[in-house]
Each structure stands twice: as structure tokens, then as C-alpha cells.
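User: I should like to learn how to read the features of a protein model. May we go through one together, step by step?

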Amino acid sequence: MHATDAQSLVPVLSSDSHQAERFVTLCGKVLLTQGPEAGKRLEACWLPWQRDALAAIYQCRESLLIMGKGSGKSMTIAALAIGYVMLSALRGINTRGQIVIMAANIEGARIVFQHIQEAILADDVLRPLFKSNVTAKSLTHEATGIVIQIISCSMKNAVGRRPILLLLDELHEMAQLGEATAAVNQLRQGGGNWGAAFKCISISTMPINAPEGEFRRQLAYARGVRDGRIDDPDFLPLLYTFPMAERPDLDPLDGATWWRGMPSLRTEHQPGTMDAAELERELRQVAAADDTESFALILSQRLGIERNDTDGLAESVLHSHWSRCEQVAPEGPYQFTAVGIDAGGTDDPMAVCVARKRGRALDMWVTQFITRTGYERATANTQEVYDLAVENGTLHLFDTSDECQQAVFDMVRQAHPNKVGGDEHGISGFAQALRDATGHAFESVPQNWQLSAALASLESRLLDGAVRHSHCPLLMSNVENLLITELPSGVRKLTKRDNRLSGQGYSKIDGIIACINATQLVDTFGQRTFDAARLIG
């Protein structure tokens, strides 16, 4: 989670380092047969993480390797298999052993197998050492009798096998099969006859849907080892997955962070298996299409973002009770008035919530303002909501952002609030402009645990039936678009639901954020104080 590059994520192991170094040297001699580096030895163009990962895998009994599609997993594992055969031959061990490549189906298993086969056929030294069997879908190293064979995931294929090396390809796809766990366990038990020499390596991308079955079990175990909750020095978790929940400070749209899911990106500074510019093109294309499922697929398959990482919690009280609130109507008298503001971005609306407090009850009026350019850049679905809000009188369009800002200042003056505030990191210069225009200081509402506490306060009022608000179509849409995720620290993070990125996306949540900001101001500054002076004679 706190690694600074793809290499530093791989743990450095020292046990049996001499044999590990011999193993890595042999892996590096494997010929590449695909991509821009075809014809070169792996050692001539591999990335540091690959070398370190192969050394660490050799020193562990079991490994789970998760990284984005196109990162060179299959080629790396193919080199591992060939290196293992050749080291066994040099050391005179593992005679007549089996290297089993298992996937959800034969077509899937054939991907790694073809990398192995093509590398052997292209090498004048290796080619005479192996014979192939098309019917059995296998390669045999004649001197040692070690067989490399592919099988599909089923108990029928697993029973009776005793692999010296077990390679599980695209584990998340295998996990969807009913026999996956039983078949994998059968092969593990068979491999146990080899003792410490047996190794199991699982490779996978992150599925678009929530992990399930054998993949979910292995992923949970790997995370436990990685996080230090499980002590297992023989298990290697190589999880190139984007830490959405653990590192909310990271932005998945920042190209400098893409190595977390795609450690083999090709840039002007390093070789790789996928061009960084191509990944950027993919991300921009699906983002522009406003296709949530396609975006989720790219994020999971390329960056290793687990759907559950950001969609962890069910709907909150806010989602289930907001539409049940009564329509707000001025009554008074009110004890305290706060104005919560979400200044938005270039294409987002500016949202203003005037919250008036009566005892525990809150009455909330929400109005939003957007430039015509922001309206025109919105998706068709968002424009439909905007049109309903304009008709409702709760969204106003202006030609410039300065006009939007002046309209916000007018609302603040008309509300005669006790406090005004919001995110201090909104539009640059907004706080000073507010003070100059209205005379009110802009109170900072930190967008961290304090916002989480304000959300909890608003939810408790909702449960008590103590909230009334303006039932604006845009405000109702804001609530639906709000994604609430609980972080390991217990703080709840508020983001947009549409593409599950940290605050990025096309959906709008400005109105409900303004409401939560207003709630925080009420809770912080609007509590009734007890005047002891009246008790003094």
C-alpha cells in the first residue's frame, strides 16, 4: 500500500539466495516471441520487479500474483516454468515431475503453454531438449522426464496428479466453477508428496465483479499475509492492486500511479508490455462514453481495482430516508442559521444549502448554480436532470462562473446566517471574495472525519424525522450519486458513485455535500449555551 514503485512492492527474501539467483539467471535466458521485444532474451529487457518477483517466488512454497491485464504475467510465468525445468536438470532433481498449468478451460491454459512452447521452439539450445505431444497437450524435457501439461479445472483432471509445480492461470475465472476449490486442493495435496520442492503459483487479474470462491479465499489470505495479520513466511502475496480504500490520497487517474496495477507499463524511460499512452487512451475513451460498466471493467482489468474496495457498504440511512422527508416550508422562529456551500469545479454546479435549526430539527433549502458551458458539457442523462431542476426553480444557469458566484453571495446576504462555510480547498479565492461581498467569514469544513461525523449527525436526524428539505430533482439525484465507503480507520469517505474513483466522475453530488457542510456548521457552532448569569441573585 505504501510502496513507491513496482520493484519496492516485492519483498526481499534471503533464504536459499544462491539457488534463487541461479534460477533467476536461467529464467532470464528465455527468448521472447511476442511484442516489440520479440527475439530478445528476457534478461535484456525485463523490469526490476520481474527479476525480484521470480527470485521471491522461487523461495516460497506458494505465491499469488495479481496485476493488470497486459502486464506480462503469462510471459513471466512461462519463463518461471522453463527456468524451473532447467534448474531441476542442472541439479539432477525432480525427475519425472509434472508441471501442471490449470485454467478454467483448455483455451485459457493454452495461453501460458504457448508462451512456453514458442520460447522453446525459437531457441536453438532448448528445442532439441524437449519433445511435444499434441494429443496430451504436453511438453517433455527428455533428460529429466519432467512434463509440462495443461488441463482444465475439474476434479476428473486433477485426481491422481502430483505436480512439482502448479500454475493456476486467471484464478478469478476458475473460481466461478463449482469444482475449483476441490480441484485446486486435490493438486495441492498431490504436490505435497514432493515436500518443500513443491510450488504453487496463482496468477490473475482482478474481476469486474466481487471476488468469489477460491479466488476470494486466496485473495483474503494473501492480504492477511501482506498486512501482517497472518504469519506465513512460505506464502508470497504479490498484489499489484490499486489501494482505493487504504490510500484515499491516491488518484487512479494520475498516470504516475498506474504502476500499482500495471507494473510493466512501457514509457520513454523503460521497456514494458503495454504502452502508457495506450492505457491513457483506453481510460479517456470509456470515460468519454459515460459507460459505467466499461469503465469498471478497465479499472479492474488494468489497474486491479476491486469492485468491493469502493462499493463496500450498502446504502446508508441517507439514501433510504432522504426521499421520505417532508417538503420544507418557512415557519420559524429559528435558533440558528448556517449556509453550507460546495463551490464545485469548472463544470460542476455551485450548491448552497441554507439550513435553519429549530431545536433538533433542520429545515434545508438547496439551490444550485451552473454555467451554460458546464450544462453543455454534461452527459445527456445529467442534462435531463438539470432541465427538471431549472423548471423546479432550484437550478439557475449563468453565462460565467463569476455570475454564479455573485448569485451565491446574494443568497448568503438574504439568509442572514450565523455561519457560512464549506471546503476551504474549493475554488481559489472564493473565501476572500465571500468576505468582501457579504462580510461573512468562510468557515472551513474539513473533508475528513468531521464531514463523516456531520453525515452521521444528519442521518440520526433523518431517523428521527427531524429533517425537511426542498425536494429538488437535482438534489435527489445528488443523493443517489453519493457513494459512502468506510475506510479501515472507521472514517466514511464520500465520493461519486458513477466510476468509483476518488472524487472523479461525471455524476454530481454538490447539493448533498452542501447539506452535510451545513449540518457540520450547525453542530459545531449552533449548540444552545446555558446562561448561568440568570441564576445569580
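Analyst: Let us begin with the overall build. The model is predicted, and the protein contains 19 helices and 20 strands. Its C-alpha trace spans about 100 × 55 × 40 Å along the principal axes.

User: How many residues does the protein have, and what percentage of them count as buried?

Analyst: A residue counts as buried when its relative accessible area is under 20%. By that cut-off, 53% of the 537 residues are buried. The accessible surface of the protein amounts to about 23500 Å², and carbon and sulfur atoms contribute 49% of that area.

User: What share of the contacts comes from residues 24 or more positions apart?

Analyst: Among contacts with a separation of 6 or more, 71% join residues that are 24 or more positions apart.

User: How many positive and negative side chains are there, and how far apart are the centres of the two sets?

Analyst: There are 51 positive and 64 negative side chains, and the two centres lie 7 Å apart.

User: Which residues have the most contacts inside the largest nonpolar core?

Analyst: A nonpolar core is a set of buried nonpolar residues joined through their side-chain atoms. The largest one here has 59 residues, and Phe23, Ile101, Ile116, Ile148, Leu165 and Leu167 have the most contacts inside it. Helix 3, residues 73–91, supplies the largest share of this core, with 11 residues. A second, separate core has 41 residues, including Ala338, Cys353, Ala355 and Val385.

User: Which residues is Phe23 in contact with, leaving aside its neighbours within four places in sequence?

Analyst: With those neighbours set aside, Phe23 is in contact with Leu54, Tyr58, Leu80, Gly83, Tyr84 and Leu87.

User: I should also like to understand the backbone angle phi. What sign does phi have in most residues other than glycine?

Analyst: In most residues other than glycine, phi is negative. Arg96 is not a glycine, yet its phi is positive, at about 60°. Glu170, likewise not a glycine, has a positive phi of about 50°.

User: Where is Arg96 placed, and is Arg96 buried or exposed?

Analyst: Arg96 sits in the loop between helix 3 and strand 2, which covers 98–103. The cut-off for exposed is over 50%. Arg96 is therefore exposed, because its relative accessible area is 69%.

User: Where is Glu170 found, and why does Glu170 count as buried?

Analyst: Glu170 lies in the loop between strand 6 (163–169) and helix 6 (171–174). Glu170 counts as buried because its relative accessibility is 17%, which is under the 20% cut-off.

Terms used:
Residues numbered from 1 in each chain as written. Predicted model: local features only at pLDDT ≥ 70, side-chain atom pairs only at ≥ 80, totals over all residues. Heavy atoms only, no water. Helix = DSSP H or I, 4+ residues; strand = E, 2+ residues; numbered from the N terminus. Buried < 20%, exposed > 50% of the residue type's maximum accessible area, 1.4 Å probe, protein only. Contact = heavy atoms within 4.5 Å. Areas by Shrake-Rupley, 256 points an atom, 1.4 Å probe, with all protein chains shown as cover. Lys, Arg positive; Asp, Glu negative; His and termini not counted. Charge placed at Lys NZ, Arg CZ, Asp CG, Glu CD. Core = buried A, V, L, I, M, F, W, Y, C linked by side-chain atoms within 4.5 Å.
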